[in-house]
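Visitor: I would like to learn how to read the features of a protein model one by one. Could you take me through an example?

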Amino acid sequence: MDRDSIIAQHIFDSDNISAKSGNKKFLDLPLISKKRYIDNPKDSISLVICPSWGNMFPPYNLSRLSSVLRENKYDVNVFDLNINSYHFLKNDDIDYWFDNNYYMWLGDEYYKYLHSNLKPILDKGVQEILDTGDDIVGFTLYETNYKCTEYVIKKLKEANSDLTIIAGGPETISRCSQKTEIEILNSEESEFLDYIVIGEGETHILSIMEDYKNNFEDIQVIGDTFSKLDLNILPFPDYSDYNFNYYKHKTGVSLETSRGCVASCTFCTETLFWKFRDRESSRLIEEIKYQIKNYGVDRFWFIDSLVNGNLEVFHEFIS
């Protein structure tokens, strides 16, 4: 187990949180979040994360993107299919979200061990996404959710070929870095995609929302791994879409104090992208107060690669 898993297990043990109280009836519950309506929205988008990903707190990535979109007058429907799938399978004898079982989500192993069990909840998610009427759907790709996401995207496109599909996240960087752009455009993996976003998505998602109805003939690969987005100008992550009781820790959220790293370790992909940037300590404190007031949280999980990359800001923050 890695460091975070060991720490998390210790936390959950001390909190007396059970991981084996599953409920197959979860299939009967709506998967969509409670939609937060925007007055006179410019457009609407569905954001989706498929299993397997973390189940400790609500997904930070979707929370960040939904806040950016809503601040710019777009409606957002959020689908955490990962946490729904976790509860749907929790009665099984094995915890598929346990770190040692990550291989079951990769390649052909996914179809060998998991797909037949997950298919009912994924198909339900596909239908609910279609029911929103949104013309555009965004997915975050990781190594452990790639095959599952691929299935959901294909089902969506088969049901409505006019849907615009966006794929972002770390796995897009990994896959695109191993191929030329021509290979990406012609590959079977990209057959159902309209946009591939490389790097930080907060600004790219807004440009896509403005342009996606232009009906581009070819897949659009946008962004790079050298983004320099000012983290201090971003709105706070929006956690209004989630039922906190579904997560292992029911009163916690993630906190990002910086991106990138000041080191140059040759074994780490972080050195290949993400110029180091940190957030002002006053902005961090403001966000903590905001999340406590709005969601009653009492624990923050740092998701930085290096939380003390700027010691001056770090000292200000903790003092």
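Guide: Let us begin with an enclosed space: by class, the lining of the second largest cavity has seven nonpolar, four polar and two charged residues. Please keep in mind throughout that this is a predicted model.

Visitor: How is such an empty space found, and how many cavities of 30 Å³ or more does a search of the whole structure find?

Guide: The general idea is that rolling a probe the size of a water molecule over the atoms shows where empty space is left. Here, a search of the whole structure finds three cavities of 30 Å³ or more, and the second largest cavity has a volume of about 80 Å³. Thirteen residues would be a long list to inspect, but of the 13 that line this cavity, Thr257, Val307, Asn310, Val313 and Phe314 lie nearest its centre. Helix 11, residues 311–318, gives the largest share of the lining, with three residues.

Visitor: What is the volume of the second largest pocket, and which residues are the closest to its centre?

Guide: The second largest pocket has a volume of about 390 Å³. Its lining is made up of 21 residues, and the closest to the centre are Lys157, Leu163, Thr164, Asp194 and Phe216. Sorted by class, the lining of this pocket holds seven nonpolar, six polar and eight charged residues.

Visitor: Thr164 appears in that list. How should I read the strand to which it belongs, and which way do its residues point?

Guide: The general idea is that in a regular strand the side chains alternate between the two faces of the sheet. In strand 4, Thr164, Ile166 and Gly168 point one way, while Ile165 and Ala167 point the other way, and all are buried. Because five of the five residues of strand 4 (residues 164–168) are buried, this strand is largely enclosed by the rest of the structure.

Visitor: Which strands lie beside strand 4, and in what sense do they pair with it?

Guide: Strand 3, residues 136–140, pairs with strand 4 in the parallel sense over five bridges, and within this pairing Thr140 stands opposite Gly168. Between these two strands the chain passes through helix 6 (residues 146–159), in a β-α-β crossover that is right-handed. Strand 4 is also joined by two bridges to strand 5 (residues 195–198), and these two run parallel; there, Tyr195 of strand 5 is the bridge partner of Ile166.

Visitor: Now take strand 2, residues 74–80: how many of its residues are buried, and which way do they point?

Guide: Strand 2 is mostly covered, since seven of its seven residues are buried. Tyr74, Val76, Val78 and Asp80 point one way, and Asp75, Asn77 and Phe79 point the other way. Strand 2 pairs with strand 1 (residues 43–49) in the parallel sense over seven bridges, with Ile45 standing opposite Val76. From strand 1 the chain crosses through helix 2 (residues 60–71) to strand 2, and this β-α-β crossover is right-handed.

Visitor: What should I look for in the loops on either side of helix 2?

Guide: Look at the backbone first. In the loop between strand 1 and helix 2 lies Pro51, and a cis peptide bond with omega of about 10 degrees joins Pro51 and Ser52. Pro51 has a relative accessible area of 0% and is therefore buried; from C-alpha to C-alpha, Pro51 is 8.6 Å from Asp80, although the two are 29 residues apart in sequence. In the loop between helix 2 and strand 2 lies Lys73, which has a positive phi of about 70 degrees although it is not a glycine.

Visitor: Is Lys73 buried, partly exposed or exposed, and why?

Guide: Because its relative accessibility is 47%, Lys73 counts as partly exposed. Compare Pro237, in the loop between strand 6 (220–223) and strand 7 (252–255), which counts as buried because its relative accessibility is 1%. The C-alpha atoms of Pro237 and Pro59 are separated by 9.8 Å, with their positions 178 residues apart along the chain counted as the distance apart.

Visitor: Finally, how do I read burial along a helix, and which residues of helix 9 are buried?

Guide: An α-helix has 3.6 residues a turn, so residues three or four places apart point the same way. In helix 9 (residues 201–211), the buried residues are Gly201, Glu202, His204, Ile205, Ile208 and Met209. Seen down the axis of helix 9, these buried residues fall within an arc of 165 degrees, so they line one face of the helix.

Terms used: Residues are numbered from 1 along each chain as its sequence is written. Side-chain values use heavy atoms; hydrogens and water are left out. Buried means under 20% relative accessible area, exposed over 50%, partly exposed in between (1.4 Å probe, protein chains only). Helices (H or I, at least four residues) and strands (E, at least two) are DSSP runs, numbered from the N terminus. Two strands pair if DSSP finds at least two bridges between them. A crossover is right-handed if, with the strands pointing away from the viewer, the path from the first strand over the helix to the second runs clockwise. The arc is that of the directions from the helix axis to the C-beta atoms. On a 1 Å grid over the protein atoms alone, a cavity is a set of points where a 1.4 Å probe fits but cannot get out, and a pocket is an open set with protein on both sides within 12 Å along at least five of seven lines; lining residues have an atom within 4 Å of a point. Grid points are joined across faces, edges and corners, and a volume is the space filled by probe spheres set on the points. Ala, Val, Leu, Ile, Met, Phe, Trp, Tyr, Cys and Pro count as nonpolar, Asp, Glu, Lys and Arg as charged, and the others, Gly among them, as polar.
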